[in-house]
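Student: I am new to this structure and would love a close look at a single part of it. Could you pick one pair of neighbouring strands and walk me through what surrounds them?

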Amino acid sequence: MAKTSVNFMTDALNLARQAGYDTDPNPRVGCVLVAPDNTVIGQGHTQKVGGPHAEVMALRDAAAQGHTVEGATAYVTLEPCSHHGRTGPCCDALIAAGVRRVVASLADPNPLVAGQGFERLRAAGVEVEVGPGAAEARELNLGFFSRMVRKQPWVRMKVAASLDGKTGLANGVSQWITAEAARTDGHAWRARASAVLTGVGTVLEDNPRLDVRLVDTPRQPHLVVVDSRLQTPPEAHIFIAGRQVWIYAAHQDDEKAAALEARGATVTYLPNAEGKVDLPALLKDLAARGVNELHVESGHKLNGSMLREGCVDELLVYLAPKLIGSGLDIASHLHAAGPLTSLEGVVPLEFRSVDLLGPDLRVVARVAGRDAF
C-alpha cells in the first residue's frame, strides 16, 4: 500500500523522537523528503545543539544516496527556521535545493522565526501546508513552546508514595518505596529534562547526586538548588563534572557564595518579600538560561511552595502497592492550598496517563488548562 501524507508525517515525528534529549535548548525536529513518485529520498533529525537541523540532515541524506530533491516534498515537524543562529536558515536550504512543497506540523514559536520561515518559502514559490501532526509535535516539544511563549520552562514534579499515600516512614526513611522499574523510569524523566531542581533541605539531609545513572543519556541535566541562605556544602555530591549547578539564594553571603562558585556553581540572588527565593522569578531566569523542561525532586516544603505559587505544570506520581500506615504523608508534598471550605478551590488536574511499571503505578497528571498557551 502506498504511503500517504499522514504516514510520512508519522515517520517525521518518529525521527524527531530519535533526536533524543541533547538538542536543548533547540526543539526536537524530524524531516522526511519525498520525491514526486512518492518515494522517500532523504530523512534526518535535529542533531546536538550547534549541529545541523533536521532539514539539513535530510538534504545531506538525499545527496549521499545520489538523489536530487528537485520537486520533492519536505515533511517537517516544525517550521523551517529563517534566522542565522548556530546554523544557517533551513528555509533557505530547502529553497536552494529545489523543494517544491513543505508540509509542516506547526509554526515555530521562537520570535526569531514565528512564521517568517513560511513566508520566505512561499515568496520563493514553495507550496506550504501547516497542520498535520500538530498535537504530537507540540507535545514532543512542550518545554520549548513553554519557554518561547510563557518565558518559563515546563515544570514537572516527581513524587513517590505508597498506596496509602505515604512518602516515607515516620523516621524519615524512604528508600525504596518503589521498585526498580519505577526508579529506572524516574531516571528517564530526569534525562529528558533540561535541569533538575531540588531544595537545600534535600541536599543537606540526603546528599544526593540527582544525576542520571539508570538509563543511557548523552548528557546530564543541569542542577538547580533553591537555597535561601546558601547552606549548600561545597563538598556536596551534587557537584558533578560536565553539568552546571545553579544555586538561587535570598540572603547575600559573599564568603559562602565564593566557596560555592569555586566548585563551579553559579549563585543568583532572587529574594521575595518574605526573605525566601522568588520562585516565579527563578523560572523566568531559568528560561533565559535555555531551560525547556524542569524536573522537580524535592522535599515537601519546597514542593508545597511551588504548588501554592502556581509554579508546577505537571505531576509525575509513582504509587507502590504497599501500606505503610503511620508515616510522612504525600499531602504535605502536594499541599497547594487550604484549608479549603469549598471544592471550588481545588487545583483541577487532568490525567494524561496511568501505567503499570513492574509492581508500581505511574500517574502523569497535568494542571487543567496549563498547556493552553
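Tutor: Happily! Let's begin with strand 10, residues 245–249, which runs parallel to strand 11 and pairs with it over five bridges. Keep in mind that this is a predicted model. To find one of those links by eye, look for Ala-249, whose bridge partner in strand 11 is Tyr-269. A helix lies against this pair: helix 9, residues 254–262, packs on the sheet and touches both strand 10 and strand 11. The direction of helix 9 makes about 150 degrees with that of strand 11.

Now step back to the sheet itself. It is open and has nine strands, in the order 11-10-9-8-12-6-13-16-15, and their pairing is mixed. Strand 11 (265–269) is an edge strand, pairing on one side only, and so is strand 15 (349–357). On average, neighbouring strands of this sheet are turned by 20 degrees against each other, direction ignored.

Another part worth a visit is the largest nonpolar core, which has 37 residues. The members that touch the most others there are Leu-33, Val-69, Val-102 and Leu-121. Several elements give two or more residues to this core, including strand 1 (30–34), helix 2 (54–64) and helix 1 (5–18). Helix 1 supplies the largest share, five residues. A second, separate core holds 29 residues, among them Ala-161, Leu-197, Leu-270 and Leu-279. Such grouping fits a general tendency: in soluble globular proteins, nonpolar side chains tend to be buried together.

Conventions
Residues numbered from 1 in each chain as written. Predicted model: local features only at pLDDT ≥ 70, side-chain atom pairs only at ≥ 80, totals over all residues. Heavy atoms only, no water. Core = buried A, V, L, I, M, F, W, Y, C linked by side-chain atoms within 4.5 Å. Buried < 20%, exposed > 50% of the residue type's maximum accessible area, 1.4 Å probe, protein only. Helix = DSSP H or I, 4+ residues; strand = E, 2+ residues; numbered from the N terminus. Pairing = 2+ DSSP bridges. Axes fitted to C-alpha atoms, helices over the stretch in contact; angles between N-to-C directions. Contact = heavy atoms within 4.5 Å.
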